[in-house]
Amino acid sequence: MKLGPLSWFPARPWPLLALPLLCACIEGGSTDNTHLSDPIRELALSVEVDAESPLATVLPHAFGMHTSVYDNALDYPGLPRQLNEAGITMLRYPGGGYSDNYHWSTHHMTPWRSNGRDGSQTGYLAPNTDFGHYVSLLDAFGGTAMITVNYGTNARGTGPGEPKEAAAWVAYANGNPSDETVIGLDSTGEDWRTVGFWATLRASAPGSPEDDGETPELDFLRVSHPEPLGITYWEIGNEVFGNGYYDGDNGYEQDLHLPYDGTNRVGHEALSPTTYGRGVLEFIDAMKAVDPTIKVGAVLNTPPDDYNWGPNWNEDVLVECGDQIDFAAVHWYTGTSIPTLLRAPQQTIHEMAAELRASFDLYAGDNAANNAANIEITLTELGPRVSVDTRSQVRGLFAADSYATFMEHGFANIAWLELHAGGFLSERPPDVPGPAYKGIQLVHRMAAPGDTFVQANSSDPGVIVPHASRRADGSIGVMLINIDQRIDASVEVAIQGAALTGSGTLYLYEPAEFGGEDDGAVTGPTELDGLGNDFTFELPPFSIATLLLDAE
């Protein structure tokens, strides 16, 4: 069956507006957009889907999102609904580089001393972003969190992060008020009390008489939540390799394992991957003494491109703690131009995943034991490196392809940077979906947790990038992404390994104009019939179609 032109396709030719910033960095290839005056041309392509060739099942918390304590919109009433509609199930907290300065139990920051700063910069903490309020957000949208604990600084700001501070956070999140397990004094003399102390705070109402009355400053943590939060994923520090060990400056990630007193940080053992790996073990011991069911992860470099932050980082970290960690946390920012950004998921993610798992096999000892899947991979920050307007549909195309491709490679979590920036949701006006939101939402329409990605191939992946799923209800999901702004594609789709009824549902994301202020809209669900196992679909430039095909 040939779909189109139908009433829900817009008239063409498309507007040819483009931001000068974006045009300046276009390069050649099948997504060559250099000649913006060229008319849109038509191209016939094909996509083959093998529903009997599984790639990976979507894990429960694969749809993640980065959130931060500097976000002024974390308490907007409509946010839980928006998260649900996008399919997000896990939020990362307290956010990026802030994690190694932020102290959860007092909601304050240790001043930065990296990059030559004088120590007076404490960062911005938005209203209602403390962890007590964050619990309300988790409850409201029904999801969970990945917590990045403070490896860089202690609560007094006099030295490195303390495992017992992290253990107390686990106690607050997951502990039982009756648990008398002692967390105790850290190396600075700070008393982190007992598991039950923190769990009782969580269970108590503000100003509750159940509390001993000695800690009114902790009232923001009294949230009337007697049941544990059940937070499973805990990441030790954020981009710790940026602490100055590899560069000639003080680095960009705060790390008081070495004081900022003029001592040369380059190559200093206190900042080394070996020291970090050993530190991860100390955090694991302290945190799992409170809750042995949690998963603890270490920060690694992202192959193949991030070894400028130390070619030995991953190896040295894994040699020390690889046999104890439950997951690795990596970040990915990519793209030197719009075309390289849009090609990057297909060209890079397979190598990234394979190289990480090979390093687990080599250096993680019995934990991997020739089964690197014992160590999960999480992508706790994702975004474009090239400058792309947050309203541009380019972000939506990249987000959709990235989320789908990482899930195809078995990543346990993917977190866009970030919730109210980067084109996901707007801060003002609140919670208006941007292009990244729309792209991620269309992935969720195709493959929710429990569904399985299957093999899909394109005759020209430089124009049409396909993804496909066998859904838990037996139906087949197909996503087609047109990453070329100059090609109007006629795509012949052939699906084998599934008996289809011919009926289905379409969700379509079409931009209003390239680089314009309106990034377009998602239409659907639109009911279709006459599809079957072979059909032709007309896909406009820079657009995404998600088709859900009913099975017999």
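I take helices (H or I, at least four residues) and strands (E, at least two) as DSSP runs, numbered from the N terminus. This is a predicted model, where local features need pLDDT of at least 70, side-chain atom pairs count only at pLDDT 80 or more, and totals for chains, interfaces and linings use all residues. Residues are numbered from 1 along each chain as its sequence is written, and side-chain values use heavy atoms, with hydrogens and water left out.

**Entry 1: cis prolines**

I looked up Pro 525 and found it in strand S18 (residues 521–528). A cis peptide bond joins Gly 524 to Pro 525, with omega about 10°. I then went to Pro 94, in the loop between strand S4 (90–93) and strand S5 (102–103). The bond from Tyr 93 to Pro 94 is cis, with omega about 10°. I note the background: most residues other than glycine have a negative phi, and most peptide bonds are trans.

**Entry 2: positive phi**

Asn 128 is not a glycine, yet its phi is positive, about 60°. I place Asn 128 in the loop between strand S6 (108–109) and helix H3 (131–141). For burial I use relative accessible area: buried is under 20%, exposed over 50%, partly exposed in between (1.4 Å probe, protein chains only). Asn 128 is partly exposed, because its relative accessible area is 34%.

Glu 239 also has a positive phi, near 45°, and is not a glycine. Glu 239 lies in the loop between S8 and H6. Its relative accessibility is 14%, so Glu 239 counts as buried.

**Entry 3: two histidines**

I found His 225 in the loop between helix H5 (195–203) and strand S8 (233–236). His 225 counts as buried because its relative accessibility is 13%. I looked for polar contacts (a pair of N or O atoms within 3.5 Å; within protein, one must be able to donate a hydrogen and the other to accept it, and residues adjacent in sequence count only if both atoms are side-chain atoms). The side chain of His 225 makes one with the side chain of Asp 139, at 3.0 Å. The His 225 side chain also reaches the backbone oxygen of Glu 227, at 2.6 Å. For contacts I take heavy atoms within 4.5 Å. Neighbours within four places in sequence aside, His 225 is in contact with Val 135, Asp 139, Arg 202 and Ala 203.

I found His 268 in the loop between S8 and helix H6 (273–290). His 268 has a relative accessible area of 29%, so I log this residue as partly exposed. With neighbours within four places in sequence left aside, His 268 is in contact with Tyr 245, Leu 258 and Thr 263. The C-alpha atoms of His 268 and Tyr 245 are 6.3 Å apart, with these positions 23 residues apart along the chain.

**Entry 4: the whole chain and its cores**

I tallied ten helices and 20 strands in the protein. Of its 552 residues, 58% are buried. Among contacts between residues at least 6 apart in sequence, 73% join residues at least 24 apart.

I define a nonpolar core as a set of buried Ala, Val, Leu, Ile, Met, Phe, Trp, Tyr and Cys residues joined through side-chain atoms within 4.5 Å. The largest one has 117 residues, and those with the most contacts inside it include Phe 131, Trp 198, Trp 234 and Tyr 276. Another core lies apart from the largest, with 29 residues, among them Val 454, Leu 480, Phe 535 and Leu 549. Outside its neighbours within four places in sequence, Trp 234 is in contact with residues including Ile 147, Val 149, Trp 169, Met 287 and Phe 327.

**Entry 5: empty space**

I worked on a 1 Å grid over the protein atoms alone: a cavity is a set of points where a 1.4 Å probe fits but cannot get out, a pocket is an open set with protein on both sides within 12 Å along at least five of seven lines, and lining residues have an atom within 4 Å of a point. Grid points are joined across faces, edges and corners, and a volume is the space filled by probe spheres set on the points.

The largest pocket holds about 270 Å³. Of its 16 lining residues, the closest to the centre are Gln 346, Glu 408, Gln 455, Ala 456 and Asn 457. Helix H8 (338–363), helix H9 (393–408), strand S13 (452–458) and strand S14 (464–470) each give two or more residues to this lining. S13 gives the most, with five.

I counted two cavities of 30 Å³ or more. The second largest has a volume of about 40 Å³. Its lining is Tyr 102, Trp 104, Val 149, Asn 150, Glu 162, Glu 165, Ala 166 and Trp 169. Helix H4 (residues 163–174) gives the most to that lining, with three residues.
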